[in-house]
Amino acid sequence: MMLLLKNLLFTLVVPGTVAVYVPLLIARNRSPASGPLFAIALAVLALGGAVYAWCVWDFAAFGRGTPAPIDAPKKLVVRGLYRYTRNPMYVGVLMVILGWALLFRAAALVIYALVVGACFHLFIVLYEERHLRKEFGSKYDDYRGRVSRWLPRLRR
């Protein structure tokens, strides 16, 4: 129960701020799209939210931790979406931001997504990958060799 509460609290504070509160602040006073664009935007928002939720579930159920660096999973999570990309949770958050950009037809939100994506990339390269290598050693090296950082590899 405590792990569920920690994951919920982290989600409300960090991804909630980055992917919901700030985008809605940026898009304030803009009317939402209608018709097919509205449906596409909702699909992107829902898919991004589902990706994030699946990753949090795997962090809690398998890794016994949270997305928060101070309470990271105790086991290397390489199942679920982590079989295809090493950072699906970040991809999910970016999809949510891009869903808002579509919904509100806001170029400012596309720029915001690019800035957030650059920050994610720097955090991953400068901190997260080094920490995972130190924490999980050759297991992480093997995983890194099999799975790409951002987009799934096309297999032959």
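Let's start with one residue: Phe123 has a relative accessibility of 31%, so it counts as partly exposed, since that value falls between the 20% limit for buried and the 50% limit for exposed. Keep in mind as you look around that this is a predicted model. Phe123 sits in helix α4, and the chain as a whole has five helices and zero strands.

**The overall fold**

- If you walk along the sequence, you meet the pattern α-α-α-α-α.
- The radius of gyration of the chain is 16 Å, close to the 15 Å that the globule rule gives for 156 residues, so the chain is as compact as a globular protein of that length.
- Along its principal axes, the C-alpha trace spans about 50 × 45 × 25 Å.
- Take the contacts between residues at least 6 apart in sequence: 71% of them join residues at least 24 apart.

**Surface and charge**

- Of the 156 residues in the chain, 40% count as buried.
- The accessible surface of the chain comes to about 9400 Å², and carbon and sulfur atoms account for 70% of that surface.
- The chain carries 20 positive and 7 negative charges. The mean positions of these two sets of charges are 7 Å apart.

**Aromatic rings**

- A search of the whole structure turns up six aromatic pairs.
- In the pair Phe123 and Tyr127, the ring centres are 5.2 Å apart and the planes meet at 35 degrees; this pair is tilted because its angle lies between the 30 degrees limit for stacked and the 60 degrees limit for edge-to-face.
- Both Phe123 and Tyr127 belong to helix α4, which covers residues 107-136. They are four residues apart, or about one turn of the helix.
- Tyr127 is partly exposed, with a relative accessibility of 34%. You have already seen that its partner Phe123 is partly exposed, at 31%.
- Elsewhere in your view, look for Tyr90, Phe120 and Trp150, which form one aromatic cluster.

**Two buried residues to find**

- Tyr112 is another residue of helix α4. Its relative accessible area is 16%, so Tyr112 counts as buried, which requires a value under 20%.
- Leaving out residues up to four places away in sequence, Tyr112 touches Thr17, Val18, Val22, Pro23, Ile26 and Ile97.
- Tyr112 and Arg30 are 82 residues apart along the chain, and their C-alpha atoms are separated by 16 Å.
- Ser148 lies in the segment after α5, the helix of residues 138-146. Ser148 is buried, with a relative accessible area of 12%.
- Again leaving out residues up to four places away in sequence, the contacts of Ser148 are Tyr84, Thr85, Arg86 and Arg153.

**An exposed residue in a loop**

- Asn29 is found in the loop between α1 (2-26) and α2 (35-61).
- The relative accessibility of Asn29 is 79%, so Asn29 counts as exposed, a label for values over 50%.
- Asn29 and Leu122 are 93 residues apart along the chain, and the distance between their C-alpha atoms is 32 Å.

Conventions:
Residues numbered from 1 in each chain as written. Predicted model: local features only at pLDDT ≥ 70, side-chain atom pairs only at ≥ 80, totals over all residues. Heavy atoms only, no water. Helix = DSSP H or I, 4+ residues; strand = E, 2+ residues; numbered from the N terminus. Rg over C-alpha atoms; globule rule 2.2 N^0.38 Å. Buried < 20%, exposed > 50% of the residue type's maximum accessible area, 1.4 Å probe, protein only. Contact = heavy atoms within 4.5 Å. Areas by Shrake-Rupley, 256 points an atom, 1.4 Å probe, with all protein chains shown as cover. Lys, Arg positive; Asp, Glu negative; His and termini not counted. Charge placed at Lys NZ, Arg CZ, Asp CG, Glu CD. Phe/Tyr/Trp six-rings, centres within 6.5 Å; stacked < 30°, edge-to-face > 60°.
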